[in-house]
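Colleague: Hi! I'm new to this one and would love a quick tour. Could you put it up on the screen?

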Amino acid sequence: GFSDGGDNPISAGMYQAAALAAGASLEAAQAVLNGRAEDAFNAGGGYHHAGPDYASGFCVFNDPVLTIQRLLGRGVHRVAYVDIDAHHGDGVQNAFYSSDQVLTISLHESGRYLFPGTGGVEEEGEGSGQGYAVNVPLAPATDDEVYLWAFRALVPPLVRAFQPEVLVTQLGIDTHIDDPLTHLALTSHGHAAAVAELKALSPGRWIALGGGGYDLSAVARCWALDYALMLGLELPDEVPASYAERYGLRRLRDPGPARVDPAAKALAWEDARQVVEKVRERTYGRFGL
């Protein structure tokens, strides 16, 4: 293969790999639509940056958008999309920016610090979609405690008020403290708690997609926990010997909360409180909250 030097290098097999990832998300939608499954998880999906005619941010085809379009094309009237990747779900927001059929909520590291530089609170949709794009930009050093406070303050009330027929989620794990590309400080506990909240919000039809994650140990562990949660299983903390050997880890779950600099955490709290207040001011009226 050869590279164009950007985030989206052209390589042999790129189209086939991207098409398979998108096709798996469409299969997940189909399984939920025809009642073969209540929940479906495509860990190989979640490519939320791509646009209708361009690749962006490691994403060639935007499978969350294709999935939501498939749902809307098959008689579903309201879809809630919640994106917990560390990067703003810009491609999904853009696709439905003027639609009141899709509520997009993205919690992410602020675009002041991280690609793609978008996802401010003021991006809230336009036309009939005004108020249906919700952004929760967070500061570096946001840990489990700060993240879950912001998540619980906004996501459950908005999703419940919107009353979606299907929930679509993007479960990127690049929010993890060990992720080399981002500056948030979640652990497996914070991530799993957010996914448990999403499960509780599911209207009985839930499509979960993977997403970003560049510390492969965190990816494998957290998505295993997510899948088990969807199935209603409690996994033991023991990990296979081959995994322990490869990654030098002995347990499935992180030992405890991430250690972050107290001054940085204080700033993260301050940012989170301001963001939650602004989102409430901008959107709650729209949803009768």
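Modeller: Happy to! One term to begin with: contact here means heavy atoms within 4.5 Å. Also keep in mind that this is a predicted model.

Colleague: Okay, so among contacts between residues at least 6 apart in sequence, what share join residues at least 24 apart?

Modeller: In the protein chain, that share is 76%.

Colleague: And how many helices and strands are there?

Modeller: The protein chain has eight helices and six strands. Starting at the N terminus, the order of elements is α-β-α-β-α-β-β-α-β-α-β-α-α-α.

Colleague: How does its radius of gyration sit against the globule rule?

Modeller: The radius of gyration is 18 Å, close to the 19 Å that the rule gives for 289 residues, so the chain is as compact as a globular protein of that length. Its C-alpha atoms fill a box of roughly 55 × 45 × 45 Å along the principal axes, and 53% of the 289 residues count as buried.

Colleague: Let's look at the sheet. In what order do the strands come?

Modeller: The six strands form an open sheet ordered S1-S6-S5-S2-S3-S4, with parallel pairing. S1 (39–42) and S4 (133–138) are the edge strands, each pairing on one side only. From one strand to the next, the twist averages 10°.

Colleague: Which helix packs on the sheet, touching S2?

Modeller: Helix H4, residues 144–162, does, and H4 also touches S3 (102–109) and S4. The direction of H4 makes about 175° with that of S3.

Colleague: How many bridges link S2 and S5?

Modeller: Five, in the parallel sense, between residues 79–83 of S2 and 166–170 of S5. Val79 stands opposite Val166 in S5.

Colleague: Something else: where is Gln170, and why does that residue count as buried?

Modeller: Gln170 is in strand S5. Gln170 counts as buried because its relative accessibility is 0%, and the cut-off for buried is under 20%. Its side chain makes a polar contact of 3.5 Å with that of His48. Leaving out residues up to four places away in sequence, Gln170 touches several others, including Tyr81, Asp83, Asp85 and Leu209.

Colleague: Last one, helix H5. What span should its 14 residues have?

Modeller: At 1.5 Å a residue, H5 (188–201) should span 20 Å, and its end C-alpha atoms are 20 Å apart, so the two agree. Among the buried residues of H5 are Ser188, His191, Val195 and Leu198. Their cover includes S2, H4, S5, strand S6 (206–209) and helix H6 (216–231).

Technical notes:
Residues numbered from 1 in each chain as written. Predicted model: local features only at pLDDT ≥ 70, side-chain atom pairs only at ≥ 80, totals over all residues. Heavy atoms only, no water. Pairing = 2+ DSSP bridges. Helix = DSSP H or I, 4+ residues; strand = E, 2+ residues; numbered from the N terminus. Axes fitted to C-alpha atoms, helices over the stretch in contact; angles between N-to-C directions. Expected span 1.5 Å × (residues − 1). Buried < 20%, exposed > 50% of the residue type's maximum accessible area, 1.4 Å probe, protein only. Polar contact = N/O pair within 3.5 Å; in protein donor to acceptor, adjacent residues only side chain to side chain. Rg over C-alpha atoms; globule rule 2.2 N^0.38 Å.
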